[in-house]
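Today I will go through the aromatic contacts in one model. Have a look at the sequence and the fold first, and then I will start with the rings.

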Amino acid sequence: MSPSLTCTSLAFTWPDGTAVFEGLDAAFGPGRTGLVGVNGSGKSTLLKLIAGELTPADGAVRVAGEVGYLPQNVTLDTALRVDEALGIAARRAALHAIEAGDVAEEHFETVGDDWDVEERALATLGELGLGHIGLDRTVGEVSGGESVLLRLAALLLRRPDVLLLDEPTNNLDLYARGRLYAAVADWPGVMIVVSHDRELLELVDQIADLRSGGITWYGGNHSAYEEALAVEQEAAERMVRVAEADLRKQKRELVDAQVKLARRKRYGQKMFEQKREPKIVMGARKRAAQESAGKHRIMHEERLAAARGRLDDAVEAVRDDDEIRVDLPYTAVPPGRGVLTLMDLELAHGSRVRGGFDLRGPERVALIGRNGAGKTTLLRTIAGELEPVSGEAKVQVPLRFLPQRLDVLDPELTVAENVARFAPGATDNRVRARLARFLFRGARADRKAATLSGGERFRAALAALMLAEPAPQLLMLDEPTNNLDMASVRQLTTALESYEGALIVASHDLPFLGSVGITRWVLMEEGELKEIGTEPVGYSA
């Protein structure tokens, strides 16, 4: 039986009463499916339901074969050895025991038919660019991006029939992304991938667009999807114009009919007053006129209601996906003013800044480098979250730091309560007015942070940062485009273009960095920070 996956009448509601799905039907066969949709539409929730991490309120998920799941936020026990994280430690230990001459029966039972498990594990690590790690090191020695690839390597070794990937390129450098793309392109079974990475979505065979609790299917990759969507939207907008014209016509006809009926009524009243006809005849005429007027009124009102209905249906078909509207506070930094000074800085885990590094005025710095190079460690040190081994990191203006794990939010507090923590002097009305700009309107602001999707968590964390007091004149962002849909990335880009303070952005998303007016490119490589000019010439890692 070929691997397949079916969702039947699937329903799910969060504990706070927020409905995600009501009667969702979907079927996934062999091939790669890109699952897309705006932040909060339920993509990650659907994968968790399929993986069995959440239980549906109604309906069923049926899978022919084994499911492998790579979650959006990969967390591995840092004390685990790599072979334990890969799930091969017991088989590997049994093999080594047999090779050492221990022929106990339990060793052979543990190994089963998997005599080449160690070679396969090393080969898989090598294919994902992790050959240097080895099987005896601990997870705590690898970077966040490497831990994502390590979790993927464990899945590839298991060879599940159905593979679920939730934002797999988050935190991966360009080199690691290339390895992931190759693994996706070679996958033989059922794959569902949730991603905002355009290059990854170009590798899929079909797109499943999750919107308003239902799925619309599009054949081909993301480019084909966008082309089909553009044709649909053009037709939908044309239907809106036709429906609007029809509505105007029905309104005119209703007014014209009302004028004619009013004239008839005045004429009948005049004839009645002048008594030119017998009373019984005039009464019959009056009753007939009233019946006719009633029928005409009902007919035109029904036509008008039908026209309004057609317009509502046409408008519903036109997408108007909300985008965050980031209203950054006035944070201008005069040219030449000292913002940040690093002097002979040695960081935890061995990275360093030899000599000095100065940031002045509203400069925009792109911090790039391979996974594990020390970019996040540097930002956390500047933010005061980590103590340097030696040297100094001196910040001379108000600073705000948005980490890639978005752990600035308390999961047990609501969105509004989280934002209020950063601005204790702000009124509840001010907090909610700001949150509305980040699409947390009304009851959405009262949702607990633990129930938010990745993109929603980013919006909530960014809102907290922007409303914080004092407003930041140095803004540091660590992989800010992770978990954001494309509309939100465009809006974040627009917001950062208008920001007048100093900016440091650590990111592997070169198109995003190129769109926000970067003035200095800094490479973290081989444990050191290096200036590489005003553009990343030759950088491909």
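One term before the rings: buried here means a relative accessible area under 20%, exposed means over 50%, and partly exposed is in between. Keep in mind that this is a predicted model.

Trp-14 has a relative accessible area of 16%, so this residue counts as buried. Its partner will come up in a moment.

How many aromatic pairs does a search of the whole structure find? The search gives 4. I will show two of them.

In one pair, Phe-12 and Trp-14 sit edge-to-face, with 5.0 Å centre to centre and 85 degrees between the planes. Phe-12 is buried as well, at a relative accessible area of 7%.

The other pair I picked is Phe-28 with Trp-217. This pair is also edge-to-face, at 5.3 Å between the centres and with the planes at 65 degrees. Where do the two residues lie? Phe-28 is in strand β2, residues 19-28, and Trp-217 is in strand β9, residues 214-219. The pair therefore ties together parts that are 189 residues apart in sequence. Is each partner buried or partly exposed? Phe-28 is buried, with a relative accessible area of 2%, whereas Trp-217 is partly exposed, at 34%.

Last, the charges over rings. Arg-370 lies over the face of Tyr-175, 4.2 Å from the ring centre. Arg-459 is placed over the face of Phe-440, and there the distance to the ring centre is 4.8 Å.

That is the end of my part.

Key
Residues are numbered from 1 along each chain as its sequence is written. This is a predicted model: local features need pLDDT of at least 70, side-chain atom pairs count only at pLDDT 80 or more; totals for chains, interfaces and linings use all residues. Side-chain values use heavy atoms; hydrogens and water are left out. Rings of Phe, Tyr and Trp (its six-membered ring) pair if their centres lie within 6.5 Å; planes under 30 degrees apart count as stacked, over 60 as edge-to-face and the rest as tilted. Buried means under 20% relative accessible area, exposed over 50%, partly exposed in between (1.4 Å probe, protein chains only). Helices (H or I, at least four residues) and strands (E, at least two) are DSSP runs, numbered from the N terminus. A charge sits over a ring if NZ of Lys or CZ of Arg is within 6 Å of the ring centre and within 35 degrees of the ring normal.
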